[in-house]
Amino acid sequence: MKILIIEDSLKLQKSLRAGLRRLGYAVDVAGDGEEGLAYSKNGDYDVIVLDLMLPKKSGLEVLREIRESRESPEVLILSARDQTRDRVLGLQQGADDYLVKPFAFDELHARIQALVRRRFKQKSPVITVGKIKIDTSLHIACQGADCLPLTPTEMRILEYLALNRGRVITSAQLINQIYDASSYASRNTIESHISSLRKKLRTQGGPGIIETRRGFGYLIT
Amino acid sequence: MRSISKTITISTILSVALILVAGQLVVDRVVSGWVLQQFDDALQAKARALVTLTKFDGNEVELDFADEFMPEFEASENPEYFELYLGDGRLLETSRSFGRHAEPQFSDQAEEVAIADVMLPDGRKGRRIAVKFTPQIGDDNEVLRISIAPQDRPRAILRVSTERETLDAAIQQFHLIILGISLVVLVAVMLSVSRAIKLGLAPLNQIKTEISQISPNAIDRRISSRNQPIELEPIATQFNRVLAEIENAFIREREFSSDVAHELRTPVAEIKSLAEVGLRWPDEKDIQSYFADIYDSSRQLDRLIENLLHLCRSEEGDIELELIPIELEEIIDKIILGVSAETNERNITIERVAGLMPTIQIDPQWFELILKNLLFNAVAHSPDGSVVTIEVISEAGFCALEIENPMAVPLGEQDLPMIFKRLWRKDTSRATGRHAGIGLSLVKSFADLMNLEVNASISRDLFHLRLSRIRTC
């Protein structure tokens, strides 16, 4: 899952980026409204964590422009403004959730997970593909009681393909989703991760759930 | 609770009732007196007629009375009575109406004419006139009239009585009519007054309704001042003016609270988030920088809270000033040293314009706070590598201190009135910098407290803050 944090506080940028990356998300960070808008237009983000009081362009302006664009990421407003009218305005302008600073990191994570589930129309955090159960909140994939020893990147690929079940996902889409803007990954890197993932799934006696559509991409049916 | 409507109604009705009662009493008295006077006059006229019929023929007094001319003295129903006595009390004649009743009783009198209420022989209430007179000598006896002087003639007393119950009944009826009219007038007045008050107070009730709709959530509402009566129009206008001031103060306070909340929440959020992530992943590669960041946010929070407390204390006047002589140069050196970390890091030079550095009479603690904030503000808002100038200008018995700095973010003339507002920032998003925008409001508040003047101005690209009226020794 790919998250964009638009927040001017360098310290919050630092802690949120580190924490969310540790939880398996690809995270990009923008320090002002204009930069955040540029990121959101160029990256395919699942969730945008948006501060309201931003330099250059306010959070509400950024939100308005995001909603006017074709992309429709889930937007969580993270603001020090705690008045009811601020929350109502934020939600009316198109935000999907509103969290007031100071916040508990776990709560922020839980809300991001809920927004991701909503984005992929999943009520439960657990996606079942054949005999494999993929828990998107714990970031584990298990067959019965045995959990697969997946790396964070492999887990992210599996989760993303499972959430987009029935759709062909290209290598470029996977690169965009799995890696943040500061990381470099090629198609070969993705192929390598997919290969490793398939091997681990088979080792555990799981079925070959990831199909390759040659010339197009990958698919979980 | 007092009510204008009730007060006006009751006092008006009471006044009208009082006037009516007084009027009724006067009219009653005048009319009753006049009627009684007419009654007495008629009685007296009747008595005079009988007196003229009373003659003295030289030997005796006679009443030449004929019943057919005055039948009332012999009527069986509602009769009238007369009695004629000689001066010594001898009864000469009575009306026939006495025949059915007891003999009249003589009583002498001093007055020539006396009128009194009596009980008639038939038991009815009556009115009696008693006339003391000297009987006439007949016109046909000229010799006798000449030979007997009036003082030698016998005196006689005539008493005529008639009933007064009819008169009393008429007066009573008159009383009732007057009372009835008064009551009708009173009821009419009550209705009219009530209606008039309702109409008169309608604009006041309208204002009451409009005021009841004003609340903290609807403080932008106003009383309609159009079509108000001339008495209420200035009240409505003044009320609206006060309401506008309250609304502005309310908005300022709300914004202040919101800004304070933001300024406090942001460093707390930073500290909390850094601490949570650091505790959860202690192997994070730059974990050491988390501690530095937490310390920095804590200092920011500490400074903000301290400044807010100073601001509260100064605005409440909860500061005691201790004026002592201090060297201005020493205090300026100390402040410059205090900002040296930032000036060195950002390559900012602080220049002192050469001049006399006087000894000043001031409270050193709060004056240092003012200077610290002035210089911190100048350094914070100057571009890296620039020069901040401090100049001391002597005035008669006073000195002024002017700090000048180039502006990293240009300010306009329109910003100057806002400079000293609490938590004001040029950047309305409040997103940039470590400064909450409270320093200059502290400067202003403490300057006011210490009777100093502080002014901001802009010339070319330079921002000037001038602190004047500093008393020198």
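Helices here are DSSP runs of H or I with at least four residues, strands are runs of E with at least two, and both are numbered from the N terminus. On that basis chain A has eight helices and eleven strands. The model is predicted.

## The two chains

The table sets out the overall figures for each chain.

| Chain | Residues | Helices and strands | Buried residues | Share of contacts with a separation of 6 or more that join residues 24 or more positions apart |
|---|---|---|---|---|
| Chain A | 221 residues | eight helices, eleven strands | 43% | 56% |
| Chain B | 473 residues | nine helices, 14 strands | 23% | 67% |

The contact between the chains takes 22 residues from chain A and 22 residues from chain B. On the side of chain A that touches chain B, the most residues come from helix H1 of chain A (residues 10-22), which gives eight. By character, the residues on that side of chain A divide into ten nonpolar, five polar and seven charged.

## A sheet in chain A

Four strands of chain A form an open sheet in the order S6-S7-S8-S9, with antiparallel pairing. S6 and strand S9 (146-147) of chain A are at the edges and have a single partner strand each, so one side of each is left without a neighbour in the sheet. Strands of a sheet pair through backbone hydrogen bonds, in either a parallel or an antiparallel manner.

Strand S6 (residues 126-129) of chain A pairs with strand S7 (residues 132-135) of chain A over four bridges, in the antiparallel sense. Within this pair, A:Val126 is opposite A:Asp135 in S7(A). The hairpin of S6(A) and S7(A) has two residues between the strands, and A:Gly130 takes a positive phi near 60 degrees there.

S7(A) also pairs with strand S8 (residues 140-143) of chain A, again in the antiparallel sense and over four bridges. Here A:Ile132 has A:Gln143 in S8(A) as its bridge partner.

## Nonpolar cores

The largest nonpolar core has 67 residues. The residues with the most contacts inside this core are A:Ile3, A:Val47, A:Ile48, A:Val49, A:Leu50, A:Leu76 and A:Leu158. Helix H6 (residues 152-163) of chain A gives the most to this core, with seven residues.

A:Leu76 can be followed further. Leaving aside neighbours within four places in sequence, A:Leu76 is in contact with A:Val47, A:Val49 and A:Leu50, and also with A:Asp96, A:Asp97, A:Leu99, A:Arg111, A:Ile112 and A:Leu115.

A second, separate core has 37 residues, among them B:Ile350, B:Ile419, B:Trp424 and B:Leu442.

## Helix H8 of chain A

Helix H8 of chain A (residues 187-203) has 17 residues, which at 1.5 Å a residue should span 24 Å; the C-alpha atoms at its ends are 24 Å apart, so the two values agree. The buried residues in H8(A) include A:Ile190, A:His193, A:Ile194, A:Leu197 and A:Leu201. Seen down the axis of H8(A), its buried residues fall within an arc of 100 degrees, so they line one face of the helix. They are covered by elements of chain A including H6, helix H7 (171-178), strand S10 (210-213) and strand S11 (217-220). On the face turned away from the buried side of H8(A) are the exposed residues A:Asn188, A:Ser195, A:Lys199, A:Arg202 and A:Thr203.

## Two residues of chain B

B:Leu179 is found in helix H3 of chain B (residues 165-212). B:Leu179 has 14 other C-beta atoms within 10 Å, so this residue is partly exposed; a buried residue needs 20 or more, and an exposed one has 12 or fewer. The C-alpha atoms of B:Leu179 and B:Asp28 are separated by 9.8 Å, although the two are 151 residues apart along the chain.

B:Glu72 lies in the loop between strand S2 (61-63) and strand S3 (81-86) of chain B. With 15 C-beta neighbours inside 10 Å, B:Glu72 also counts as partly exposed. Not counting residues up to four places away in sequence, B:Glu72 touches B:Pro79 and B:Glu80. From B:Glu72 to B:Arg96 the distance is 9.8 Å, C-alpha to C-alpha, with their positions 24 residues apart in sequence.

Technical notes. Residues numbered from 1 in each chain as written. Chains lettered and ligands numbered in written order. Predicted model: local features only at pLDDT ≥ 70, side-chain atom pairs only at ≥ 80, totals over all residues. Pairing = 2+ DSSP bridges. Core = buried A, V, L, I, M, F, W, Y, C linked by C-beta atoms within 7 Å. Contact = placed C-beta atoms within 7 Å. Nonpolar A, V, L, I, M, F, W, Y, C, P; charged D, E, K, R; others polar. Expected span 1.5 Å × (residues − 1). Arc of directions from axis to C-beta.
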